[in-house]
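Grab a pencil and work through a few exercises on the fold shown here. Try each task yourself before you read the solution.

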Amino acid sequence: TEAAFLADSLIAEIRVSWNIPDTRSSDYASPSGSKFVTWKNRVTSGATALPGAVKPANLPTVAFSGTKNQNVTVSIHWQDKNDTAVQHSYVVVTVLE
């Protein structure tokens, strides 16, 4: 799905920055990491936007945990244009090695 592609592309980008664990979480963590904001804009607007992802309850998140910020959780939410009562979610958790 498009949500999986968006999440995987962000994780790939984070993996490239693996050698900089001190800045990884500040650059990619939601809600205000500079690289997170760029990615969030792809999820919520433009040609790659998911429907309804711009709603406050649907905004994507990225969280880090672990002693070296090696655990990453990416959550993406959206709603179909024709069924706004149902929130769809895609969550991926990975460990950067």
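Below are some ground rules and then the exercises, each with a worked solution.

This is a predicted model, in which local features need pLDDT of at least 70 and side-chain atom pairs count only at pLDDT 80 or more, while totals for chains, interfaces and linings use all residues. Residues are numbered from 1 along each chain as its sequence is written, and side-chain values use heavy atoms, with hydrogens and water left out.

**Exercise 1: the overall fold**

Task: work out which pattern of helices and strands the protein chain follows, and describe its dimensions.

Solution:
- Step one, count the elements: there are 3 helices and 3 strands in the protein chain. Helices (H or I, at least four residues) and strands (E, at least two) are DSSP runs, numbered from the N terminus.
- Step two, put them in order: along the sequence you get α-α-α-β-β-β.
- Step three, check the compactness: the protein chain has a radius of gyration of 13 Å, close to the 13 Å from the globule rule for 97 residues, so it is as compact as a globular protein of that length. The radius is taken over C-alpha atoms, and the rule is 2.2 Å times the number of residues to the power 0.38.
- Step four, box it: along the principal axes, the C-alpha atoms fill roughly 45 × 20 × 20 Å.

**Exercise 2: inside and outside**

Task: find what share of the protein chain is buried, and how its contacts spread along the sequence.

Solution:
- Step one, take burial: 35% of the 97 residues count as buried. The cut-offs are under 20% relative accessible area for buried, over 50% for exposed and partly exposed in between (1.4 Å probe, protein chains only).
- Step two, look at contacts, meaning heavy atoms within 4.5 Å. Among those with a separation of 6 or more, 49% link residues 24 or more positions apart.

**Exercise 3: one face of a helix**

Task: list the buried residues of helix α3 and say where around its axis they fall.

Solution:
- Step one, list them: α3 covers residues 34-44, and its buried residues are Phe36, Trp39, Val43 and Thr44.
- Step two, look down the axis: these residues fall within an arc of 130°, so they line one face of the helix. The arc is that of the directions from the helix axis to the C-beta atoms.
- Step three, keep going past the end: just after α3, Gly46 takes a positive phi of about 80°.

**Exercise 4: buried or exposed?**

Task: compare the surroundings of Ile14, Pro51 and Val91.

Solution:
- Step one, Ile14: this residue sits in helix α1 (residues 2-16) and is buried, at 1% relative accessible area. Beyond four places in sequence, Ile14 touches Arg24, Tyr28, Phe64, Val72 and Leu96. Its C-alpha atom is 7.5 Å from that of Tyr28, 14 residues apart along the chain.
- Step two, Pro51: look in the loop between α3 and β1 (61-65). Pro51 is partly exposed, with a relative accessible area of 25%. Leaving out residues up to four places away, Pro51 touches Trp78, Gln79 and Lys81.
- Step three, follow up on Lys81: this residue is in the loop between β2 and β3 (83-95) and counts as exposed at 71% relative accessibility.
- Step four, Val91: here we are in strand β3, with a partly exposed residue at 47% relative accessibility. Apart from neighbours within four places, Val91 is in contact with Thr73, Val74 and Ser75.

**Exercise 5: backbone oddities**

Task: which residues does a cis peptide bond join, and where does Asn69 lie?

Solution:
- Step one, recall the background: most residues other than glycine have a negative phi, and most peptide bonds are trans.
- Step two, find the cis bond: Ser30 and Pro31 are joined by one, with omega about 10°. Pro31 is in the loop between α2 (21-28) and α3.
- Step three, turn to Asn69: its phi is positive, about 55°, although this residue is not a glycine. Asn69 lies in the loop between β1 and β2 (71-80) and is buried, with a relative accessible area of 18%.
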